[in-house]
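Please open the model in your viewer and keep the selection panel at hand. The tour below moves from the whole chain to single residues, and each stop suggests what to select next.

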Amino acid sequence: MNKLRNNPFFSSLFLCLLYLPILVSADCTCENELPHNSSNKTKALKYKLVAISSILIAGALGVSLPILGKKHPTFRTENNMFFLIKAFAGGVILATGFVHILPDAYESLSSPCLSEKPWGVFPFTGFLAMVSAIVTMMIDAFATSFYKRSHFNKALPVNGDEEMGGEHEGHVHVHTHATHGHAHGSALVSEDSRSSHQYHVIRHRIISQVLEVGIVVHSVIIGMALGASQSANTIKPLVAALTFHQFFEGMGLGGCICQAKFKSRAIAIMLLFFSLTTPTGIALGMGISKIYNENSPKALVVEGILNSLSAGILIYMSLVDLLAADFMNPRMQSNIKLQLGSNLSLLLGVASMSLLAKWS
């Protein structure tokens with residue numbers, strides 16, 4: 001039970017459920033809200049059920065592709081194709097933060113249903129996104145340094161022949177015996193080599209976990225909004241848009257999980273958690289649709305704050321931990337074709353996700 005309580009994924013879901021009673025309060029109603037007849041509600045229900053199944057399948061497929069694809073030589077992390085996939089996924093997540101989540105947060109916190117003070121006199125959306133990005137950077141830095149201090153102070157003894165065979169990179173202390181006329185690898189990998197390998201693994205684990213938290217918070221919110229809606233005309237275009245949205249986001253997250261080298265059980269939990277968040281949000285929205293009012297002041301404030309924080313996390317993670325890390329990689333810096341391909345892939349990912357904003 002303590003493991004579940006300390007897990008960031010379950011903590012984020014608990015946070016959304018904690019605010020559920022606040023979200024359902026109905027204090028403000030928009031003037032242009034139209035009445036919904038029984039026929040329209042029946043049609044809306046059908047679209048919601050379609051949305052649950054299609055988003056579940058798309059999310060599971062998107063997040064699984066990079067992980068299953070690593071078994072194919074073309075999609076392994078050491079190949080150029082993986083750089084192109086990660087650049088596309090980074091563009092998708094960047095556009096999600098800037099084009100999808102941040103405008104939604106601004107719309108919520110600048111709603112006429114909210115009082116002028118304090119929401120109308122200070123740009124809370126940008127401020128909260130900035131604070132979220134700074135806090136994410138701090139957590140990223142402190143977590144990495146903590147694990148580095150904890151695990152990087154031990155040298156790894158290995159067989160000298162394996163070292164010469166290329167199993168481990170680093171310096172080998174060789175003792176030469178003149179009586180035998182040859183050298184025996186004495187079996188001590190340098191601390192720098194071991195530290196470098198563990199450092200990259202830990203970095204990718206932290207990145208994938210923080211990234212999933214940011215995606216999960218947003219996914220539950222948009223799922224609840226869709227599930228609570230009673231308008232078939234509103235839901236219909238959202239089904240296709242959110243299906244592609246979940247697929248592209250899944251690819252980005254799957255690429256990070258793939259590099260983190262989690263155990264199979266941890267990978268399965270992360271994949272399942274991501275795949276179920278939006279469908280769970282839709283189901284929650286359907287359950288509270290009779291009492292939920294997305295234009296109530298409390299609902300607007302909670303949604304606006306959570307979306308702002310989520311946007312800050314995704315923008316930071318995409319720019320710093322996904323894109324900058326790869327684009328500054330010596331391998332990419334020395335390969336002009338890979339640079340051009342990665343830039344085009346990044347722009348394609350940004351354009352694809354930005355286009356979906358027209359319907360979502």
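## The whole chain

Begin with the surface of this predicted model: the accessible surface of the protein comes to about 19,100 Å², of which 64% belongs to carbon and sulfur atoms. Switching to a cartoon view, you will find 13 helices and 2 strands, and among the 360 residues of the protein 45% are buried. If you display contacts with a separation of 6 or more, residues 24 or more positions apart account for 84% of them.

## Annotated spans

Next, colour the spans that the unreviewed UniProt entry annotates as "transmembrane region", including residues 121–143, 267–288 and 308–328. Residues 121–143 are 87% helix and 0% strand, with their end C-alpha atoms 36 Å apart, while residues 308–328 are 95% helix and 0% strand, with end C-alpha atoms 28 Å apart.

## Helix 10

Now select residues 264–287, which form helix 10, and place a distance between the end C-alpha atoms. How far apart should these ends be? At 1.5 Å a residue, the 24 residues should span 34 Å, and the end C-alpha atoms are indeed 34 Å apart, so the two values agree. Even so, looking along the helix, you will meet a bend of about 35 degrees at threonine 277, with proline 279 following within four residues. Both Thr277 and Pro279 belong to the buried residues of helix 10, which also include Ile267, Met270, Leu271, Phe273 and Phe274. When reading such a list, it helps to recall that an α-helix has 3.6 residues a turn, so residues three or four places apart point the same way.

## Two loops

Step back to the loop between helix 9 (232–260) and helix 10 and select lysine 261, which has a positive phi of about 55 degrees although it is not a glycine. Then move to the loop between helix 5 (80–109) and helix 6 (124–151), where proline 118 is found; the peptide bond leading to proline 118 from lysine 117 is cis, with omega near 5 degrees. For both stops the background is that most residues other than glycine have a negative phi, and most peptide bonds are trans.

## Asparagine 307

Finally, select asparagine 307, which lies in helix 11 (residues 297–327). Is asparagine 307 buried or exposed? Its relative accessible area is 4%, and because buried means under 20%, asparagine 307 counts as buried. Leaving aside residues up to four places away in sequence, asparagine 307 touches Ile101, Asp104, Ala105, His218 and Ile221, which you can display as the last selection.

Key
Residues numbered from 1 in each chain as written. Predicted model: local features only at pLDDT ≥ 70, side-chain atom pairs only at ≥ 80, totals over all residues. Heavy atoms only, no water. Expected span 1.5 Å × (residues − 1). Bend = angle between axes of the 7 residues up to and from the residue. Buried < 20%, exposed > 50% of the residue type's maximum accessible area, 1.4 Å probe, protein only. UniProt positions renumbered as here; feature names shortened; annotations may be inferred. Contact = heavy atoms within 4.5 Å. Areas by Shrake-Rupley, 256 points an atom, 1.4 Å probe, with all protein chains shown as cover.
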